[in-house]
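Subject: A structure for you to look at

Hi there,

Here is the structure I promised to pass on to you. Please open it next to this email, and then read on for what turned up.

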Amino acid sequence: MPNASSLQLRDYQQQAVDAVLTHFRRHQSSAVIVLPTGAGKSIVIAELARVARGKVLVLTHVKELVEQNAAKVELLDDDLSIYAAGLKQKMVHGKTVVASIQSAARNLAVFNDAFSLVIIDECHRVGDDEQSQYQTLLGELQRHNPNIRVLGLTATPYRLDSGYIYKRHYHGKVGSENGVFEDCIFELPLRYLVKKGYLTPPKTFDGLSAQYDFEQLSRPTQGDYSATEVDALIHHQGRATTAIIEQLIQLSQHRQGVIIFAASVRHAAEIMQLLQNASAELITADTPATKRELAIAEFRAKRIKFMVNVAVLTTGFDAPHVDLIAILRPTASAGLYQQMAGRGLRLAPNKQDCLIIDYAANGFDLFAPEIPQAKPASNAVAVQVPCPECGFANTFWGKVDNDGDIIEHFGRRCQGLVGQSAVQCQFRFRAKICPDCGAENDIAARNCNSCQSMMVDPDKRLKEVLSSRHHHLFRVDTMLLTAQDGALRVEYIDVEGNQFSETFRLQTAAQRRALYAAFLKQHDCRPGLKLAQYKTADDVIADANRFKQPDLLLLQRKAKRGWQLIDKFFDYQGRYQIGANFRD
């Protein structure tokens, strides 16, 4: 029998449940709710299963989460079945069935009831491959009930291969056009849980005494970094590993439990050797189940201080006493970073905070999951930038001064949804202009979104023009703004002291428009934020910090006119970064 009084929902948990009920009463589209690690997703799942009409299927990918979700569901409704080979239970007769996706996908014929609701825990694992286990099972469930509601829960609503897992956010911002789920209908920030005392305050640092240098790694376009490449780099940085482990041993004296995330099995073995005089255990994907369960039990009982693991203890693992997280592996995934850091945020007796040390300098912000890209600079913070066209308050990485005012931001396109059809706002803070039709495109676009013509790759273009002896690259080291006879002089100086300059006059409205098009707009550190009405060169110079210098100038020598500016390259990271400098 249902027992609603045996489990008291927190305010935000009830809000999440209400958001789901409201959405599915009005819409059939799939939905996502985002709750940080430690927010109690299993309690929300249990309450939804209790109040839902008809049969409910709860899916997840590891047996630990199957057990956890089933335990919470049973507190509210004992009409429960578990279908998971790993737990040696395969029953589907209950009103709520909690299942592992692996077991369910291998036995589709068993799930022939008309389920009214399917809830997917850790739903960021759901891809759009129609042959995947999740999509195969969802297809079967929809065959039996075309009106089935699909809900996902996650702490990290994005995937490396496709971005956000939803298409629209209830705050009025765009997700990803390739999102597997339609709508994000509720999201709770981590900062709220910490402020309310529901989670342990994190103290995050980059490597304190030592740090791995992974700058040589090529950032993947899909998936995470190459394990082989990472392993090779770590192998040549043995001294860093020694210094890091020595520091962790010292820090652990005042900590209850330490989790170390290693980059590879070989790396983990090296760490274990350095921890040989400490209380430590190692878990990898190849660790036998019985040995893994024993090691985790010993760690939870605090008979082991260090738990070293390789891509294992990121989901479905709960040891509340952990108060030191050491990340010794690089990742391109903001979601994985949050999963690792989140292992130490649960409350426990005598636990004041959790120290999170990123020895791989991954650059993600634990409190800014709405920006799933790595920080473009170590001092970048989340900033709000209103769109000048639709007014949407975008959240981008940026830099601020001591007063909190924006110095620079790194946004590309407005994330707001506009109109009754909720389409993405067209305003671009930064853009690549199509040379064929003049349309604005994302700065990383390969094809023009208007005329579909191929956008020229900067390196390919530079290679072509530099083959001519009349072109040279000028690598900018310094940019100076000065006034000269009432005009604005922009002087560029390269690493060898060579100079190149531009001059802009501001006497007429046409000249000021030319200044805006050729300099102000291109160099603006805060695109989209209103510029002052500059009427004199001194006005521009007084606001010099607003304008960033380019990395490269492409120059062409022309008869009788000398070197002429052809193009400017900002935030350039290609092969010509240290290319030939301008020569007289």
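Does Ala311 count as buried or exposed, and at what relative accessibility? Ala311 counts as exposed, because its relative accessibility is 53% and the cut-off for exposed is over 50%. You will find Ala311 in the loop that runs between strand S15 (306–309) and strand S16 (324–327). Its backbone has a feature to look for as well: phi of Ala311 is positive, about 55°, although Ala311 is not a glycine.

Before going further, please keep in mind that this is a predicted model.

**The whole chain**

The protein chain has 14 helices and 29 strands. Along the principal axes, its C-alpha atoms fill a box of roughly 90 × 60 × 45 Å. A compact globule of 584 residues would have a radius of gyration near 25 Å, and the 28 Å of this protein chain agrees with that.

How much of the chain is buried? Buried residues make up 49% of the 584 residues. On the outside, the protein chain exposes about 28300 Å², and carbon and sulfur atoms supply 46% of that area.

Contacts also tell us how the chain folds back on itself. Taking contacts between residues at least 6 apart in sequence, 61% join residues at least 24 apart. As for charge, the protein chain has 68 positive and 64 negative charges, and the mean positions of these two groups are 2 Å apart.

**The cysteines**

A disulfide is a covalent bond between the sulfur atoms of two cysteines. How many does a search of the whole structure find? The search finds 0 disulfides.

Cys414 is a good place to see why. The closest cysteine sulfur to that of Cys414 belongs to Cys390, and the distance of 3.6 Å is too far for a bond, since a disulfide needs the two sulfur atoms within 2.5 Å. Cys414 is buried, with a relative accessible area of 0%. Cys451, with a relative accessible area of 35%, is partly exposed.

**A second loop**

Now try Asp485, in the loop between strand S25 (471–484) and strand S26 (487–494). Asp485 counts as exposed, at 71% relative accessibility. Asp485 is a residue other than glycine, and its phi is a positive value near 55°.

**Two helix residues**

Where is Val194? Val194 sits in helix H6, which covers residues 190–195. With a relative accessible area of 17%, Val194 is buried, because the cut-off for buried is under 20%. Leaving aside neighbours within four places in sequence, Val194 is in contact with Leu199, Thr200, Pro201, Pro202 and Phe367. For another distance to try in your viewer, go from Val194 to Phe261: they are 67 residues apart in sequence, and their C-alpha atoms are 23 Å apart in space.

Thr22 belongs to helix H1, residues 11–26. Thr22 counts as partly exposed, at 34% relative accessibility. Along the chain, Thr22 and Ile185 are 163 residues apart, while 9.5 Å separates their C-alpha atoms.

Have fun exploring, and write back with any questions.

Best wishes

Terms used: Residues are numbered from 1 along each chain as its sequence is written. This is a predicted model: local features need pLDDT of at least 70, side-chain atom pairs count only at pLDDT 80 or more; totals for chains, interfaces and linings use all residues. Side-chain values use heavy atoms; hydrogens and water are left out. Helices (H or I, at least four residues) and strands (E, at least two) are DSSP runs, numbered from the N terminus. The radius of gyration is taken over C-alpha atoms; the globule rule is 2.2 Å times the number of residues to the power 0.38. Buried means under 20% relative accessible area, exposed over 50%, partly exposed in between (1.4 Å probe, protein chains only). Contact means heavy atoms within 4.5 Å. Accessible areas come from the Shrake-Rupley method with a 1.4 Å probe; for residues, only the protein chains shown count as cover. Lys and Arg count as positive and Asp and Glu as negative; His and the chain ends are not counted. The place of a charge is taken as NZ of Lys, CZ of Arg, CG of Asp or CD of Glu.
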